[in-house]
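Open the structure in a viewer and keep the selection panel at hand. The stops below go from one selection to the next.

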Amino acid sequence: MSNPKPLKFAAALLTVTFLVALVSPLTQTEFAGSAKISQEENRNLNAFPCWSWEGKALDAFPAGFEAAFNDRFGFRALLVRWHSRLMLHGLGVSPSEEVIVGKQGWLYLANSLRAYRGVKKLSAKQTEEWVTVLKAKKEWLASRNIRYLLVVAPNKEEIYPEYLPSSIRPTSKEQFLDSILARLGAESGVEVLDLREPMRRGKALGPVYDRTDTHWSELGMFLGSNEIVSRLHQWFPALQPAPLAGRTLAFQDGPGGDLTGMIGLRDELFENRITVHPKASETCEPATLRLQAQWPTGELKATPIVFESREAGCDLTVLITGDSFSAGLMQYLPEHFRRTVRLSPSIPYSPWFQSLMPRLIDAEKPDIYLDVLVARHLRRPFMEALPPTAR
């Protein structure tokens with residue numbers, strides 16, 4: 001008869017191993033839900049739902065709890081990384097449906113590509129809403145002698161379509177952006193700066209977008225800033241673009257961009273980025289906002305940034321809002337103005353942010369108001385008009 005002790009030991013060891021594997025992730029799970037953003041995947045995490053005996057809330061609780069639990073499951077980041085490695089390096093496909101893997105290591109945002117292919121278009125109603133909202137905003141600012149300029153940064157695929165997968169092609173020559181910009185210019189009187197052609201020309205000087213990011217490179221930021229100054233020169237002749245010849249261009253290796261974060265491989269896929277010096281932080285002085293306000297959590301992606309330049313050739317103040325592309329402009333735009341104020345509101349603009357703007361404008365008294373939006377954020381109207389919030 002065989003000795004049963006080794007079998008019992010093996011069974012006990014298997015049981016203990018199974019229990020450890022089952023319980024260990026639970027010890028690393030954030031049931032409190034303190035984290036709100038996944039740095040690895042560059043997205044907001046689902047929040048644990050509050051318990052309620054109300055019928056609809058009770059029905060929705062299981063699905064809400066499961067979504068939050070899945071986002072905070074112990075060792076999730078490690079598992080996501082292993083999965084991403086297998087999919088990208090082993091199978092050569094994107095680990096996430098939100099990211100498209102292009103040629104030569106270029107990454108693209110899948111949701112943005114739907115508009116590029118012509119799958120998503122603005123309806124007549126949506127276009128009319130944009131025209132109405134922006135016209136009202138422009139007129140409200142004009143009543144206070146403030147010039148308004150809408151700056152539209154192009155989606156990455158509009159500038160670098162050559163690195164897209166061969167299967168992705170536009171279905172129409174006219175993009176949704178063409179129709180809305182034509183309406184804005186013809187009917188609203190809103191001044192719009194479309195940066196598509198300047199960015200395409202800028203490619204001859206170097207990379208204007210990062211290979212692993214949705215955003216423009218430092219060279220793209222510099223060229224975009226110069227295009228804005230050139231347009232504003234029509235209103236304020238003292239404003240002059242800065243020559244690129246006086247800048248130092250170099251390349252520097254670093255972690256991958258936001259698209260590598262979305263597939264969990266930011267620290268493994270590197271970017272050789274172009275750098276342009278000097279920056280505004282090297283030539284301008286930080287300053288404080290003239291309006292004291294409480295910034296509610298979630299309403300602003302970052303605290304307001306204020307720069308003042310003693311070397312600017314004008315005495316103008318510019319107020320900048322918009323999406324993350326406006327952050328890049330703060331690298332170079334402030335050197336042209338006496339005072340530059342940038343707010344980073346969540347997109348879409350919240351009612352709280354809209355109610356704050358009239359007070360901020362009264363405090364700062366800007367000469368120029370810039371809205372800087374990437375093209376994909378124009379697919380649906382989200383900005384409220386200023387006049388109703390000012391009453």
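A residue counts as buried when its relative accessible area is under 20%. This is a predicted model, so that cut-off is applied to predicted coordinates.

Begin with C284. Its relative accessible area is 7%, so C284 is buried. Go on to C314, which at 8% is buried as well. As for disulfides, the count is zero.

Keep C314 in view and add L239. Which residues does L239 touch, leaving aside those up to four places away in sequence? They are V229, L232, H233, C314, L316, H336, F337 and I368.

Next, widen the selection to the largest nonpolar core, which has 48 residues. L239 is among the members that touch the most others, together with W216, I228, I368 and L370. To see where the core comes from, select these elements, each of which supplies at least two of its residues:

- helices α4 (110-116), α9 (218-232) and α12 (325-329)
- strands β5 (147-153), β8 (270-277), β11 (317-322) and β13 (368-374)

The largest share is that of α9, with seven residues.

Now select W140, V190, L343 and I361. These belong to a second core, separate from the one above and made up of 37 residues.

Finally, colour the model by pLDDT. The average for the protein is 82, and 77% of the residues score at least 70. Where is confidence lowest, and where is it highest? Strand β1 (residues 37-38) is at the bottom with a mean of 50, while α9 is at the top with 98.

Note on methods
Residues are numbered from 1 along each chain as its sequence is written. This is a predicted model: local features need pLDDT of at least 70, side-chain atom pairs count only at pLDDT 80 or more; totals for chains, interfaces and linings use all residues. Side-chain values use heavy atoms; hydrogens and water are left out. A nonpolar core is a set of buried Ala, Val, Leu, Ile, Met, Phe, Trp, Tyr and Cys residues joined through side-chain atoms within 4.5 Å. Buried means under 20% relative accessible area, exposed over 50%, partly exposed in between (1.4 Å probe, protein chains only). Helices (H or I, at least four residues) and strands (E, at least two) are DSSP runs, numbered from the N terminus. Contact means heavy atoms within 4.5 Å. A disulfide is a pair of cysteine sulfur atoms within 2.5 Å. pLDDT is the predictor's confidence in each residue, from 0 to 100.
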